[in-house]
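Student: Please take me slowly through one part of this structure, with its neighbours on each side. I'm at the bench most days, and plain words suit me best.

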Amino acid sequence: MARIFSGIQPSGELHIGNYLGAVKNWVALQGTAESFFCIVDYHAIVVAYDPALLRQRRRDMALGLLAAGLDPDRCTVFVQSDVPEHTELAWIFNTVTPVGELERQTQFKDKAQKQESVSAGLLNYPILQAADILLYLADRVPVGDDQLQHLELSRVIARRWNAQFSSDGDYFPEPQPLLTPTRRIMGLDGQAKMSKSMGNTIGLLESPEEIWAKLRPAVTDPKRIKRTDPGTPEVCNIYHLHKAFSAADTVTHVATQCTTAGWGCVDCKRVLADSIETELVPIRARAESLRREPGRIDDALATAARRCRDIAQETMRVVRDRMGFA
Ligand code: SF4
């Protein structure tokens, strides 16, 4: 059976961007392969952060993932820092990775520009990602296209370590991408990828009233100024959200109404709000149930951590042995 690994930062409550961009796909994949979904809290500390907030956000993310439909009986949802072998393997991979390859990573260059002081952790971030994946010998990684470069580096690291320390066959698999169908969700400002730090998101657990308050003023086709102007759905973020949330016949209807000025953008957004509501009702219900019984989250994370540590310890036993530590 294939083994899948993917991770998400503990950014707090899930929003529809990371739901559509990753988590919805994870829910569909669980059970099709042995699946590991990780809350990557060590990745979250490469820039300045508040420890109390990290603790809360890790918890909120665990609740969000379970509410979104990840089922602890069909997949393993765990917290990275519960398995110390992630950082041990990352250190080992540091020693087979040239600094130049890390400096060429597009995400590093983008993020480093925004920091006053760049930590070694930010530079080494993709090495920890490689360790996350390879610790579980995962061969499939659901990713968006913005993560393909990092995944390629994971393959290079696996290949290089295998060449040096695995002469009797490749111990680490070279993980392949499983591209997520809905890859990139723009924020309600229509300017940038949906992201909590940009303040352009809709939270997965927000109420219908809160969602409508955000959706109503959201940016649409900038050339559609008057109600009677025909619009161009493909340039409108609301249309793309319809494609993610609405039924196929509704999407067709939206395109027709838009291009013929048959309705205004507020009408269009009301239909979208209904479609979002249909998707979010069961998620909110599961979240409520988990809030009433928070011990279920603790139990799920503790069981998952034990399972992950068993696998991780076996991987590190082999790694230590082949590298001369045992
Ligand atoms: Fe966008 Fe809908 Fe307005 Fe067309 S009618 S511009 S798809 S919000």
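Tutor: Let's start with Asn18, which counts as buried because its relative accessible area is 14%. On this scale, buried means under 20% relative accessible area, exposed means over 50%, and partly exposed is in between (1.4 Å probe, protein chains only). One caution before we go on: this is a predicted model, where local features need pLDDT of at least 70 and side-chain atom pairs count only at pLDDT 80 or more, while totals for chains, interfaces and linings use all residues. Residues are numbered from 1 along each chain as its sequence is written, and side-chain values use heavy atoms, with hydrogens and water left out.

Asn18 belongs to helix α1; helices (H or I, at least four residues) and strands (E, at least two) are DSSP runs, numbered from the N terminus. If you leave aside residues up to four places away in sequence, Asn18 touches Ile8, Ser11 and Val23, where contact means heavy atoms within 4.5 Å.

From α1 we can step to α9, the part I'd look at closely. Helix α1 (16–29) is among the elements that cover the buried residues of α9, along with α8 (208–215), α10 and α11. In α9, 7 of the 9 residues are buried, so this helix is largely enclosed by the rest of the structure. The buried ones are Asn237, Ile238, Tyr239, Leu241, His242, Ala244 and Phe245.

Two of those names come back when you turn to the ligand: Ile238 and Tyr239 are in the group surrounding it. The others in that group are Thr220, Asp221, Arg224, Cys236, Cys258, Trp263, Cys265 and Cys268; a residue is near a molecule if one of its heavy atoms lies within 4 Å of it. Helices α9 and α11 each supply at least two residues of this shell.

Cys258 takes us to α10, where it is one of the buried residues. Its buried companions in that helix are Val251, Val254, Ala255 and Gln257. What covers them includes α9 (237–245) and α11 (265–292), and α10 in turn helps to cover the buried residues of α9. Helix α10 runs over residues 248–259, which makes 12 residues. From its first C-alpha to its last it reaches 17 Å, close to the 16 Å expected at 1.5 Å a residue; the expected span is 1.5 Å times one less than the number of residues.

Just beyond α10 comes Ala261, in the loop that leads on to α11. This alanine has a positive phi, near 55 degrees, in a residue other than glycine. Ala261 counts as buried because its relative accessible area is 15%. Leu137 makes a nice companion case: its phi is positive too, near 50 degrees, and it is also a residue other than glycine. You'll find Leu137 in the loop between α6 (120–134) and β4 (140–143). At 28% relative accessibility, Leu137 is classed as partly exposed.

That loop follows α6, the home of Leu128. Leu128 is buried, at 12% relative accessible area, and touches Tyr42, His43, Gln80, His86 and Ala90, again leaving out residues up to four places away in sequence. Ala33 is another matter: its C-alpha is 23 Å from that of Leu128, with the two positions 95 residues apart along the chain.

Ala33 does touch Ala2, as do Glu34, Asp139 and Arg140. Ala2 sits in the segment before β1 (3–8) and is partly exposed, with a relative accessible area of 29%. The C-alpha atoms of Ala2 and Thr32 are 8.4 Å apart, although 30 residues separate them in the chain.

For contrast, try Arg159 in helix α7 (residues 148–165). Arg159 is partly exposed, at 40% relative accessible area, and touches Glu152 and Glu174. Gly190 is 31 residues away from Arg159 in sequence and 40 Å away in space, C-alpha to C-alpha. Gln113, in helix α5 (residues 106–113), lies 30 Å from Arg159 by C-alpha atoms, with the pair 46 residues apart along the chain. At 70% relative accessibility, Gln113 counts as exposed.

Back to where we began: Asn18 is buried, and its helix α1 helps to cover α9.
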